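Biologist: I'd like a close look at a single part of this protein. Could you walk me through one helix and whatever it packs against, in plain words?

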Amino acid sequence: MENQKYSEEFKQSIVNLYKSGKSSSEITREYGMSSSTLHKWIKKYTEIKVSDSETLTVAEIKKLQKKLALLEEENIILKKAMAIFTKE
């Protein structure tokens with residue numbers, strides 16, 4: 001299974017196997033993947049509870065962080081533009 005693209009569903013099902021109690025060595029042996037790949041998937045697809053009713057994955061959090069950085073940059077640009085136009 002070297003250099004093979006795995007579907008998102010497959011990755012999530014492997015992480016669910018790990019969460020259900022199957023050891024990482026069993027999973028890597030059974031599916032022919034490296035332990036680093038498995039642990040990368042576990043980190044990516046493990047959900048983090050952010051409130052009583054909401055959980056996010058690391059990938060979702062990273063996406064939100066990128067969006068926040070973009071919005072903050074746009075806000076700075078708009079503030080500078082506002083300062084320039086209010087001087088006139």
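Modeller: Here is a walk along helix α1, then across to its partner α3, with a few single residues at the end. Keep in mind that this is a predicted model.

Let's start with α1 itself. This helix covers residues 8–19. It has twelve residues and reaches 16 Å from its first C-alpha to its last, close to the 16 Å expected at 1.5 Å a residue. Which of its residues are buried? They are K11, I14 and V15. If you look around the helix axis, these three cover an arc of only 100°, so they sit on the same side of α1. As for what they pack against, the buried residues of α1 meet α2, which is residues 24–31, and also α3.

K11 deserves a pause. This lysine is found in α1, and it counts as buried because its relative accessible area is 14%, under the 20% cut-off. What does K11 touch, once you leave aside its neighbours within four places in sequence? The contacts are Y6, W41 and Y45. Hold on to W41 and Y45, since both turn up again in α3.

Now swing over to α3, which spans residues 35–45. The axes of α1 and α3 come within 9 Å and cross at roughly 95°. That crossing makes α1 roughly perpendicular to α3. On the α1 side, the residues that meet α3 are E8, F10, K11, Q12, I14, V15, Y18 and K19. On the α3 side, the matching list is L38, W41, I42, K44 and Y45. Sort the residues of this contact by type and you get eight nonpolar, one polar and four charged.

How is α3 arranged around its own axis? Its buried residues are L38, W41, I42 and Y45. They cover an arc of only 100° around the axis, so they lie on the same side of α3. Turn to the face that points away from this buried side, and you find the exposed residues S36, K40 and K43. The buried residues of α3 pack against α1 and α2, plus the strands β1 (47–49) and β2 (55–57).

Next, go back to the end of α1 and follow the chain onwards. The helix is followed by G21, whose phi is positive, near 120°. K22 is found in the loop between α1 and α2. Buried or partly exposed: which is K22? It counts as partly exposed, because its relative accessibility is 24%. Leaving aside neighbours within four places in sequence, K22 is in contact with L17, I27 and E30. For a sense of distance, K22 and T55 are 33 residues apart in sequence and 23 Å apart in space, C-alpha to C-alpha.

The loop leads into α2, where T28 lies. T28 is buried, with a relative accessible area of 14%. Not counting residues up to four places away in sequence, T28 touches M33, S34, S35 and L38. L38 is also one of the buried residues of α3, and it is on the α3 list of residues that meet α1.

One last stop takes us to helix α4, residues 58–87, which holds K62. This lysine is partly exposed, with a relative accessible area of 48%. The C-alpha atoms of K62 and K44 are separated by 10.0 Å, with their positions 18 residues apart along the chain. K44, remember, is among the α3 residues that meet α1.

Methods: Residues numbered from 1 in each chain as written. Predicted model: local features only at pLDDT ≥ 70, side-chain atom pairs only at ≥ 80, totals over all residues. Heavy atoms only, no water. Axes fitted to C-alpha atoms, helices over the stretch in contact; angles between N-to-C directions. Helix = DSSP H or I, 4+ residues; strand = E, 2+ residues; numbered from the N terminus. Parallel < 35°, antiparallel > 145°, perpendicular 65-115°, else oblique. Contact = heavy atoms within 4.5 Å. Nonpolar A, V, L, I, M, F, W, Y, C, P; charged D, E, K, R; others polar. Expected span 1.5 Å × (residues − 1). Buried < 20%, exposed > 50% of the residue type's maximum accessible area, 1.4 Å probe, protein only. Arc of directions from axis to C-beta.
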